[in-house]
Amino acid sequence: MVSTARARVREPAGNLPADVTSFVGRRREITLTKRLLAESRVVTLTGPGGVGKTRLAIRVAGNMRRSFRDKAWCVELEDVREGSLVVDAVIEQLGIGGPTTGEDLDTVVEQLKNRELLLVLDNCEHVVEDVALLVDAVVRWCPGVRVLATSRQSLGVAGEATMVVPPLQVPNVEHLPPPEAYEQFASVRLFIDRARAAVPEFEVTSDNAAALMRLCSHLDGNPLAIELAAVRLRSLSLQQLEERLAERYDLLTEGRRGAPARQQTLRALIDWSYELASDQDRLAWARMSVFSGTFDLAAAEHVVGNGLSDTDVLSAVHSLVDKSVLLREEDGGEARFRLPRALREYGQDKLEEFGELAAVRQRHLAWFSDLAGRFAADWIGPDQIAWVQRLRNEQSNLRTALRTAASSPDTAGVALGMATDLWQYWVIRGLNAEARHWLDQVLSCAPREVPERVRALRVSAWFALLHGDLDTVRSTLEQATVLATQRGEESEKPYLALVRGLTAFAGNDTSRAVSLVEDALGQFRKRESLPGELFGLFGLGMVKGLNGEHEAGLQLLAECVRLSTEHGELYWRSYALWASAQVEALRGELERGEAAAKKAIRLQRQLDNRLGIAFSIDTLAWIAQQQGKYDRAARLFGAASSVWDVVSATPGFWARFATDHEEHQAQTRTALGEEAFQDAFDRGRELSVQHIIDFALEAKRHARVRTEENVHPMPLTRRERQIADLVAQGNTNKEIAENLVIAQRTVEGHVQNILTKLDFSSRAQIAGWVAAQRTASEAGETAPR
């Protein structure tokens, strides 16, 4: 009977379901899963619903089946609602029935103990305890069997290796690549594939490529969501689909016929996850839905608490991560968590059903308004880099908290407080337009008597100044001054005088500027206000130095540098160095000016202060022009132009700078000639911010590939890069082998490794990648000697 059972198992050589749609991407995940299976007897693929765990498992099993004498077998546990039926399902689907020894688990062990096969157990999360018992027995007594499981949480058995299946790669909606570069993203390739299945005539054009990339990003790179969305192209254009994505639960309802019931719609899929959660986990899930982007454990404990202890919240976080409802990310050694958009929207629906939505949003607001306040209080000190990074991590939550506060007159004062507390962060990030949006919105609806109003008006005037909107600056300062006088808010008066003075400077009224800023600095010193004194020292040093009082200006700026250095402060130190560079250049000390500007850039890079970088790059361009380095000057002018665009500003906003900027740029253009100038300008403008900084500092990059936000090591070895270059030139594997005097099989292995590492599926994609690397390399060159 044993031999009969064995014959029954081996005859069909496995029972893996056939792919009915194409498989896109996942080369890296396939390779990693194979590696884990080579090292561990049990591998569990985890991840959120719809991310493609099953498809990945089946693809890996299909690739590996020939490595097992008895091939690969799959057991679907989708419809097994009772844990006690798990073993029965295995017996049935593997076809290993027959005489038993009284225990069904013993039957499975008996029939598999002499087999060599890969056993795929699909959808284990709802019966995870019984599956764990089964797997533990199989691993103990069946040495030829390896198990590949898919589950929203790990099985928890000895020797288990887990791999989180990530969403497909998506574009960054804030930095979309050119339209023709859409195919580099697996999520976009999947959408196109499914779209053509639904609408055969579907084509990507330069007009709809951006909408396509944004849509895939909004769908979180979730394959199920992408598939369900693509079907809607039968009745909507890409642009219409993107616009209506907010109505996703109404739109994404047309599931594939024959798919399991829980995959018919996203709502059904999420219902499935919700039903599997405990009451405590459900409550935590609902309350976590008020977060935007990622959040840390401390924030979760505060917002999710209210009846749940910190231990309860931690337990819920662990449980929801284990069930793949909550995604865990790591940033600088800190664990952060995120609910995918669809699960967040679902949780908010539940929170509203619980009647808690407004109350939990207020707890969220309280936490993040307090965070903004702590940032403002601690800003002048040695932790500025950490603070900027933290607020970058929390930017989505800060926006959500501001939206909550601005929605009611009762909390408008909180919104004004947050907006003013965050002003330096917004300046650093170049979010001037966003700052004005929030300030204008809240000032228009906040009651006149809220105590934060004067400060908010002053900060609003500052952002209008950064936009060169001098008329708005003057009218806003007038409102603030009248109100401050009525209320007797003496602490605001020096700040108002300072902003008024810098406004006069921007309008080329230098003598008035000196008088106002000098008065402000005196008041700050009298009040022993360190933030005000640093601001005033920078402002007065710049105004005096650029008004011909070179030595007096440089002394004030040196004092600002000294005082800020003493307190470990970078922000005002970098601006004082930049202003020193301007003054040094003005009086003909070009080497000193260049050195000061480069020091400023190094500090600004640490804070990612885009506005400061724009000013400093522009100053280096002026200096290069005066040094006769015209090609470098033109490239720097182009580079500065792109950074000015990032921060929605231009030197033309400030008359004092606009005249000098135009003069130096015109002299550079004349020296080079129109065509050469424009070519160099365009090359500078095409650089990323990081490459701009490298070029400005005349620093080389060594075997690195950098993106604007992150730095990644070169993924290919030297030999693989050599072969990738030859592939890009159109060489076949045979031609590459002859060229390098190596075996063709070796070349084939290298090409496969390249495809895997880059998550590509064609040689054409390798060629495109090589071209992109060359462009980046050229962009990062140092200035010509």
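Buried means under 20% relative accessible area, exposed means over 50%, and partly exposed lies in between, with a 1.4 Å probe and protein chains only. Helices (H or I, at least four residues) and strands (E, at least two) are DSSP runs, numbered from the N terminus.

This is a predicted model, in which local features need pLDDT of at least 70 and side-chain atom pairs count only at pLDDT 80 or more, while totals for chains, interfaces and linings use all residues. Residues are numbered from 1 along each chain as its sequence is written, and side-chain values use heavy atoms, with hydrogens and water left out.

**Confidence**

pLDDT is the predictor's confidence in each residue, from 0 to 100. The chain has a mean pLDDT of 86. Of its residues, 91% reach 70 or more. Two stretches call for care. Residues 1-12 stay under 50. The model gives them 17 contacts beyond four places in sequence, where contact means heavy atoms within 4.5 Å. Over residues 701-712 the pLDDT is also below 50. That stretch has 20 contacts beyond near neighbours in sequence.

**An enclosed helix**

Helix α20 spans residues 412-421. Of its 10 residues, 9 are buried, so the helix is largely enclosed by the rest of the structure. The buried set is Ala412, Gly413, Ala415, Leu416, Gly417, Met418, Ala419, Thr420 and Asp421. The cover over these residues includes α17 (357-378), α19 (395-406), α21 (423-429), α22 (432-445) and α23 (453-466).

**Nonpolar cores**

A nonpolar core is a set of buried Ala, Val, Leu, Ile, Met, Phe, Trp, Tyr and Cys residues joined through side-chain atoms within 4.5 Å. The largest one holds 156 residues. Met288, Trp426 and Trp572 touch the most other members. Helix α23 gives the most to this core, with 10 residues. Apart from it lies another core, of 34 residues, among them Ala89, Leu117, Leu119 and Val128.

Met288 has contacts outside its neighbours within four places in sequence. They are Phe295, Val304, Val317, Leu320, Leu326 and Leu339.

**A three-stranded sheet**

Phe295 also belongs to a sheet, where its bridge partner in β8 is Phe337. Two strands pair if DSSP finds at least two bridges between them. Strands of a sheet pair through backbone hydrogen bonds, either parallel or antiparallel. Here 3 strands form an open sheet in the order β6-β8-β7, with antiparallel pairing. Strands β6 and β7 stand at the edges, each with a single partner strand, so one side of each is left without a neighbour in the sheet.

Strand β6 (residues 294-295) pairs with β8 (residues 334-338) over 2 bridges. Strand β7 (residues 327-331) is joined to β8 by 5 bridges. Asp331 stands opposite Glu334 in β8. Between β7 and β8 is a hairpin with 2 residues in between. Gly332 in its turn has a positive phi of about 60°.

**Asn397 and the β6 region**

Asn397 is found in helix α19. It is buried, with a relative accessible area of 0%. Leaving aside neighbours within four places in sequence, Asn397 is in contact with Phe291, Ser292, Thr294, Phe295, His364 and Phe368. Its side chain also makes polar contacts, listed below with those of two other residues. A polar contact is a pair of N or O atoms within 3.5 Å; within protein, one must be able to donate a hydrogen and the other to accept it, and residues adjacent in sequence count only if both atoms are side-chain atoms.

| Side chain | Partner | Distance |
|---|---|---|
| Asn397 | Ser292, backbone nitrogen | 2.8 Å |
| Asn397 | Thr294, backbone oxygen | 2.8 Å |
| Thr668 | His664, backbone oxygen | 2.9 Å |
| Glu110 | Lys113, side chain | 3.2 Å |

**Thr668 and Glu110**

Thr668 lies in helix α33 (residues 655-672). At 0% relative accessibility, Thr668 counts as buried. Beyond neighbours within four places in sequence, its contacts are Gln625, Tyr630, Ala633, Ala634, Phe637 and Phe677.

Glu110 sits in helix α5 (residues 104-112). Its relative accessibility is 36%, so Glu110 counts as partly exposed.

**Cysteines**

A disulfide is a pair of cysteine sulfur atoms within 2.5 Å. By this rule the count is 0. Cys74 is in no disulfide, and the nearest cysteine sulfur, that of Cys124, is 9.6 Å away. Cys74 is buried at 4% relative accessible area. Cys216 is buried too, at 0%.
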